[in-house]
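Thanks for coming. I have one structure to go through, and I will take the overall dimensions before the details.

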Amino acid sequence: MALNIAVVNQVLKRSQEYSIRQAVIEDLAQISAIENNTSSYPCSYQQLHDCIESTYLLIGDNRLLGFAVIVMVEKQAELHTIAIEPQKQGKGLGSLFLTAIVAGLPTAVEQFYLEVRVSNYRAIRLYHQLGFNKIAERKDYYRDGLGREDAIVMAKQCKL
Ligand SMILES: CC(C)(COP(=O)(O)OP(=O)(O)OC[C@H]1O[C@@H](n2cnc3c(N)ncnc32)[C@H](O)[C@@H]1OP(=O)(O)O)[C@@H](O)C(=O)NCCC(=O)NCCS
């Protein structure tokens, strides 16, 4: 299953500077650079490589501004990660990107899930604004220095 790119780009049309496309292997170096610049525990190059067919890119100014990894299986979609390059954060791009992704989910998808660190207030606020609600917590789910950090599981109903 894949995002409906035509629908996604229809949503972006109002801001004509941006577009979304599926990633290809040649994009990996740039995806990896954004991952390393935005995550304290970045995915390895190999992990990003293995997810390439589930990776979508936000393009603007003729370059990569962000990426998201979305796995879709039957009625469920899961956002594995979303990142906007540091200099472009806080300008509404994460919100625009995720709004367009939600619009482009295949019609069969009924629930959209994600997991986020309890300390990632910025991402949690964004997800709340886009209609995700907390449905569970996973104790000690993430590595955090020498310790562990809990995850919040959030879900958005795509179909009523
Ligand atoms: C999380 C992330 C994708 C959000 O993208 P963004 O482009 O910075 O977010 P936006 O500018 O669209 O802001 C959307 C909402 O996020 C929240 N937000 C954004 N910047 C914020 C800040 N500096 N402080 C607090 N909240 C903030 C706000 O709720 C904002 O809505 P508002 O402008 O109405 O207040 C981005 O910050 C990022 O790449 N972070 C690092 C990677 C990461 O943590 N990914 C999530 C892993 S689950």
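A compact globule of 160 residues would have a radius of gyration near 15 Å, and the protein chain has 15 Å, so the two agree. The radius is taken over C-alpha atoms, and the globule rule is 2.2 Å times the number of residues to the power 0.38. Along its principal axes, the C-alpha trace spans about 45 × 40 × 30 Å.

Before going further: this is a predicted model, where local features need pLDDT of at least 70, side-chain atom pairs count only at pLDDT 80 or more, and totals for chains, interfaces and linings use all residues. Residues are numbered from 1 along each chain as its sequence is written.

Of the 160 residues, 26% count as buried, meaning that 20 or more other C-beta atoms lie within 10 Å of the residue's own (12 or fewer is exposed, in between is partly exposed, and C-beta atoms are placed from the backbone).

Now the secondary structure. The protein chain has 5 helices and 7 strands, which are DSSP runs numbered from the N terminus (helices H or I, at least four residues; strands E, at least two). Along the sequence the pattern is α-β-α-α-β-β-β-α-β-α-β-β.

Take strand β5, residues 111–117. Which of its side chains are buried? F112, L114 and V116 point to one face and are buried, while Q111, Y113, E115 and R117 point to the other and are not. Strand β5 runs parallel to β4, with 4 bridges joining them; two strands pair if DSSP finds at least two bridges between them. Q76 stands opposite Q111 in β5. From β4 the chain crosses through α4 to β5, and this β-α-β crossover is right-handed: with the strands pointing away from the viewer, the path from the first strand over the helix to the second runs clockwise. Strand β5 also runs antiparallel to β7, residues 147–157, and 7 bridges join these two. There, V116 has I152 in β7 as its bridge partner.

Last, the ligand. How many residues surround it? There are 20, and the closest are Q89, G94, S95, R125 and L126. A residue is near the ligand if its C-beta atom, placed from the backbone, lies within 6 Å of it. β4 (76–84), α4 (93–103) and α5 (121–129) each supply at least two residues of the shell, and α5 gives the largest share, 5 residues. By type, the shell divides into 7 nonpolar, 10 polar and 3 charged residues. Here Ala, Val, Leu, Ile, Met, Phe, Trp, Tyr, Cys and Pro count as nonpolar, Asp, Glu, Lys and Arg as charged, and the others, Gly among them, as polar.
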